[in-house]
Amino acid sequence: MTEILALLQNIAPLVEPTTVRQLSHVIFGMLVASGRITMLGLSRWTEKGGSYRTIQRLYHSGLPWKALQWLFFRKRFWKPEDEYLVAGDEVVVSKAGKQTYGLDRFFSGVQQQVIPSLSFFTFSLVNVREEQSYPMQATQMVKSAEEKAASKAKAEAKKVKKTAEAKKPGRPKGSKNKGKQAVVLKPELLRIQEALHTLLATIGTTIPLKYAVMDGHFGNYPSAFMVRQANLHLISKLRSAAALSPAVEGEHRGRGPKPKYGAKLAVRHRDAKYLKHTSIEGQLRTDIYQGQFYNKEFAFPLNVVVILKTNLATQAQAHVILFGTDLAQAYTKIVKFYSLRFQIEFNFRDAKQYWGLEDFMNVKETAVTNAANLSLFMVNFSAALLQPFRQQNPEYSILDLKSHYRGYR
């Protein structure tokens, strides 16, 4: 317990001494508990002073989680000489019943279907050298009544068979070009944008951040526009069938305005001038291409990296299209930074498997917020507890840590 209280002194300036004491009991209970992490389960494992009522009071108290996460990170993990990225992703928590705050139907990547669940969008700071992600804040995605009505109407419209005549090919007569510079963000992106601005305001100028990394769900122009408004560059993934075109070179001698887009490029038959690196491992050849290309969805050119893998025995091919909005960035950094995005998935795994993100049974807004943020706070707190053990044994895991505290209990 002494090391838990010692680590909690890092956030003591932001909370009351009573809250620190309550947190120490809850954290100790999480470390020693077996089975599901719920308030009742924790109360059965804590020592004297960690009653069910004590835990209940903590879960129903308003806590400044964004400031707590940042202060703990700055005192325990921040290294001024290292480079950091912002990684963002959504975590979906399955829930039964009908009373939990924010309960709706969200797509679960684990189950590959839409399920009754809660959704939290999480931003983390990723240390590039250590390849380690530290969750900073979790914002619950709560749909408004208007969004729910629109989604329901859209689903109903898909079920109704269209009896009208088939749409004629080509552009409708009288339609005009629409500007792409200004974008009306959807409610989902507006909530994420607000969370991103809050994170940057909390960090301030302490860490010079330049890149935000998100998965392929955000590989579109509205998401890039949102990130650029925050003075960051986006690194993400395009659809495998995305149409890419180079800029038109040379003088335009024909009539009308100069064309912006050149001939569409075949992703798997790239010009050799874009080839940056080739490697062969066994029967697998990997070719990496890079260039500045346009996609008609975007209002600006993209720094595109295509990773093409070829099976030399069967000639079967597969490719991935990564992109960044920083046109001067090298392909090696785009590939590395995007691969580091997956570190936030390990944060979600640990929060669900060990710290109760999938288990909590709270239904009120404050309690749900505290349960989710406490689970992600434990990801960082357990990393701090692991540091002295890993100096002696680098393979020391969270299971070893929980076994250590259970043995103490």
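1. A residue is called exposed when its relative accessible area is over 50% and buried when that area is under 20%, with partly exposed in between. Arg129, at 53% relative accessibility, therefore counts as exposed. The model discussed here is predicted.

2. Overall make-up. The protein chain has twelve helices and ten strands. Its C-alpha atoms fill a box of roughly 85 × 55 × 45 Å along the principal axes. Of the 409 residues in the chain, 47% are buried. Among contacts with a separation of 6 or more, 63% are between residues 24 or more positions apart. The accessible surface of the chain is about 22000 Å², and carbon and sulfur atoms account for 53% of that surface.

3. Nonpolar cores. The largest nonpolar core holds 101 residues, and the members that touch the most others are Met30, Tyr59, Phe73, Phe123, Leu125, Leu209 and Phe381. Helix H11 (residues 365-392) supplies the largest share of this core, with 13 residues. A second core, separate from this one, has 16 residues, including Ala87, Ile235, Ile334 and Leu340.

4. Phe381 and Asn380. With neighbours within four places in sequence set aside, Phe381 is in contact with Ile4, Leu7, Leu8, Ile27 and Phe72. Asn380 lies in helix H11 and is buried, its relative accessible area being 1%. On the same basis of leaving out neighbours within four places in sequence, Asn380 is in contact with Gln69, Phe72, Phe77, Tyr134, Pro135 and Met136. Phe72 appears in the contact list of Phe381 and in that of Asn380.

5. Helix H12. This helix spans residues 398-408, and its buried residues are Ile398, Leu401, Lys402 and Tyr405. Viewed down the axis of H12, these buried residues fall within an arc of 95°, so they line one face of the helix. Their cover includes helix H1 (2-8), helix H2 (17-32), helix H10 (343-353) and H11. On the face turned away from the buried side, H12 carries the exposed residues Leu399 and Gly407. At the start of H12, a side-chain oxygen of Ser397 comes to within 3.4 Å of the backbone nitrogen of Leu399.

6. Salt bridge between Asp82 and Arg129. Eleven salt bridges are counted in the model. In the one formed by Asp82 and Arg129, the closest N and O atoms are 3.0 Å apart. This pair links distant parts of the chain, 47 residues apart: Asp82 is in the loop between helix H5 (65-76) and strand E1 (84-94), and Arg129 is in the loop between strand E3 (113-127) and strand E4 (132-140). Asp82 has a relative accessible area of 12% and is therefore buried, whereas Arg129 is exposed at 53%. A network of salt bridges links Lys79, Asp82, Arg129 and Glu130.

7. Salt bridge between Asp326 and Lys210. The side chains of these two residues meet at 3.7 Å, N to O. The pair links distant parts of the chain, 116 residues apart, with Asp326 in the loop between strand E10 (317-324) and helix H9 (331-340) and Lys210 in the loop between helix H7 (187-203) and strand E5 (211-213). Asp326 counts as buried, at 11% relative accessibility, while Lys210 is partly exposed, with a relative accessible area of 43%.

8. Salt bridge between Arg349 and Asp350. The side chains of Arg349 and Asp350 meet in a salt bridge of 3.1 Å, N to O. Arg349 is partly exposed, at 43% relative accessible area, and Asp350 is buried, at 11% relative accessibility.

9. Positive phi values. Most residues other than glycine have a negative phi. Gln112, which is not a glycine, has a positive phi near 55°. Gln112 is found in the loop between strand E2 (104-108) and E3 and counts as exposed, at 56% relative accessibility. Glu131 also has a positive phi, near 55°. Glu131 lies in the loop between E3 and E4 and is partly exposed, with a relative accessible area of 39%. The loop between E3 and E4 is also where Arg129 is found.

Terms used: Residues numbered from 1 in each chain as written. Predicted model: local features only at pLDDT ≥ 70, side-chain atom pairs only at ≥ 80, totals over all residues. Heavy atoms only, no water. Core = buried A, V, L, I, M, F, W, Y, C linked by side-chain atoms within 4.5 Å. Buried < 20%, exposed > 50% of the residue type's maximum accessible area, 1.4 Å probe, protein only. Helix = DSSP H or I, 4+ residues; strand = E, 2+ residues; numbered from the N terminus. Contact = heavy atoms within 4.5 Å. Arc of directions from axis to C-beta. Polar contact = N/O pair within 3.5 Å; in protein donor to acceptor, adjacent residues only side chain to side chain. Areas by Shrake-Rupley, 256 points an atom, 1.4 Å probe, with all protein chains shown as cover. Salt bridge = Lys/Arg side-chain N within 4 Å of Asp/Glu carboxyl O.
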